[in-house]
Amino acid sequence: MELPCEAELQLLFARLNYQFFNGEAPDCAISYNERFSNSAGRITYSDRPLAIELSSKHFRKDPEALEETLLHEMIHAWCFVKYRDTSHGARFKAKLRECGLTSIYHDLGNAAPSQESKRRFILRCEQCAFETLRRRRPQSPASCPRCNKRRFDPRFPLTIYEVLELRPIGTTLEGAFAARRGPR
Ligand SMILES: [Zn+2]
Ligand SMILES: [Zn+2]
């Protein structure tokens with residue numbers, strides 16, 4: 001199944017904006033990200049325009065979920081410009097219901113809401129692309145353990161990214177069983 005191209009995504013965005021937001025959702029740059037494998041969509045608030053990225057890998061398997069995921073991210077964009085709110089809190093949920101979506105996870109999984117609110121950080125070395133996931137923001141200076149294996153080295157700092165969106169899209173068991181249960 002072929003995915004809509006990025007120009008078509010902008011048209012879909014415009015239609016949803018007209019239909020559900022009275023045209024008040026802010027401009028967003030929408031693109032596919034080939035590397036997402038454990039989230040369906042993501043919004044980044046630090047860029048202007050806001051950036052919405054969709055997992056091409058995920059939607060090739062589940063094209064019907066694309067519109068809902070885009071709508072979900074648009075609600076985030078709308079909550080952000082209107083209230084500076086980036087959560088899945090009361091305002092987000094009210095708008096979600098207004099848009100006819102029922103679950104903040106729609107069809108992508110069913111993790112408990114408590115899991116959603118946990119903060120996560122990715123530390124990334126921009127020089128060698130080393131990445132590691134942390135529950136806490138690092139409190140002391142750290143440097144890339146791959147670029148200098150032996151000691152702290154300020155030439156190789158790690159950039160801290162906060163993970164803003166964590167949405168389950170399945171478990172690793174499905175893949176593991178499929179691989180293991182092949183013909184013998
Ligand atoms: Zn490195
Ligand atoms: Zn969300």
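1. Thr-44 of the protein chain stands opposite Ala-51 in β3, and Arg-42 has Glu-53 of β3 across from it. These pairs belong to β2 and β3 (residues 50-55), which run antiparallel over 4 bridges. A hairpin of 5 residues links β2 to β3. For the vocabulary, strands (E, at least two residues) and helices (H or I, at least four) are DSSP runs, numbered from the N terminus, and two strands count as paired if DSSP finds at least two bridges between them.

2. A word on the ground rules. This is a predicted model, in which local features need pLDDT of at least 70 and side-chain atom pairs count only at pLDDT 80 or more, while totals for chains, interfaces and linings use all residues. Residues are numbered from 1 along each chain as its sequence is written, chains are lettered from A, and ligands are numbered from 1 in the order in which they are written.

3. Now the sheet around that hairpin. Its 3 strands are arranged in the order β1-β3-β2, as an open sheet with mixed pairing. The edges are taken by β1 (28-33) and β2 (41-44), each of which pairs on one side only. Neighbouring strands are turned by 20° against each other on average, direction ignored; the underlying axes are lines fitted to C-alpha atoms, for helices over the stretch in contact, and angles run from 0 to 180 degrees between N-to-C directions.

4. The loop between β1 and β2 holds Arg-35. Arg-35 counts as exposed because just 9 other C-beta atoms lie within 10 Å. On the scale used here, 12 or fewer such atoms within 10 Å make a residue exposed, 20 or more make it buried, and anything in between is partly exposed, with C-beta atoms placed from the backbone. Arg-35 and Ser-55 are 20 residues apart in sequence, yet their C-alpha atoms are 7.3 Å apart in space.

5. The second sheet is worth a look too. It is open, with 3 strands in the order β5-β4-β6 and antiparallel pairing. β5 and β6 are the edge strands with a single partner each, so one side of each has no neighbour in the sheet. From one strand to the next the twist averages 25°.

6. In that sheet, β4 (residues 121-125) and β5 (residues 131-134) are joined by 4 bridges, and β4 has 5 bridges to β6 (residues 158-162). Phe-121 has a bridge partner in β5, Arg-134, and one in β6, Glu-162. Leu-123 is matched with Ile-160 in β6. The hairpin of β4 and β5 has 5 residues between the strands, and Ala-129 in the turn has a positive phi of about 70°.

7. Turning to α1 (6-21), its 16 residues reach 21 Å from first C-alpha to last. That is close to the 22 Å expected at 1.5 Å a residue, where the expected span is 1.5 Å times one less than the number of residues. Leu-9, Phe-13 and Asn-17 are buried in α1. They lie on the same side of α1 because they cover an arc of only 80° around the axis, the arc being that of the directions from the helix axis to the C-beta atoms. The other side of α1 has exposed residues, among them Ala-7, Glu-8, Leu-11 and Arg-15. The cover over the buried residues includes β1 and α3. After α1 comes Asn-22, with a positive phi near 55°.

8. The largest nonpolar core has 20 residues, of which Ile-52, Leu-70, Met-74 and Ala-77 touch the most other members. Such a core is a set of buried Ala, Val, Leu, Ile, Met, Phe, Trp, Tyr and Cys residues joined through C-beta atoms within 7 Å. α1, β1, β3 and α3 (65-83) each give two or more residues to this core, and α3 has the largest share, 9 residues. Beyond its neighbours within four places in sequence, Met-74 is in contact (C-beta atoms, placed from the backbone, within 7 Å) with Phe-13, Leu-16, Phe-21 and Ala-25.

9. As for α3 itself, its 19 residues reach 27 Å, close to the 27 Å expected. Arg-84 follows α3 with a positive phi near 55°.

10. Finally, the overall picture: the chain has 6 helices and 6 strands, in the pattern α-β-β-β-α-α-α-α-β-β-β-α along the sequence. Of its 184 residues, 19% count as buried. Among contacts between residues at least 6 apart in sequence, 48% join residues at least 24 apart.

Notes. Two residues are in contact if their C-beta atoms, placed from the backbone, lie within 7 Å.
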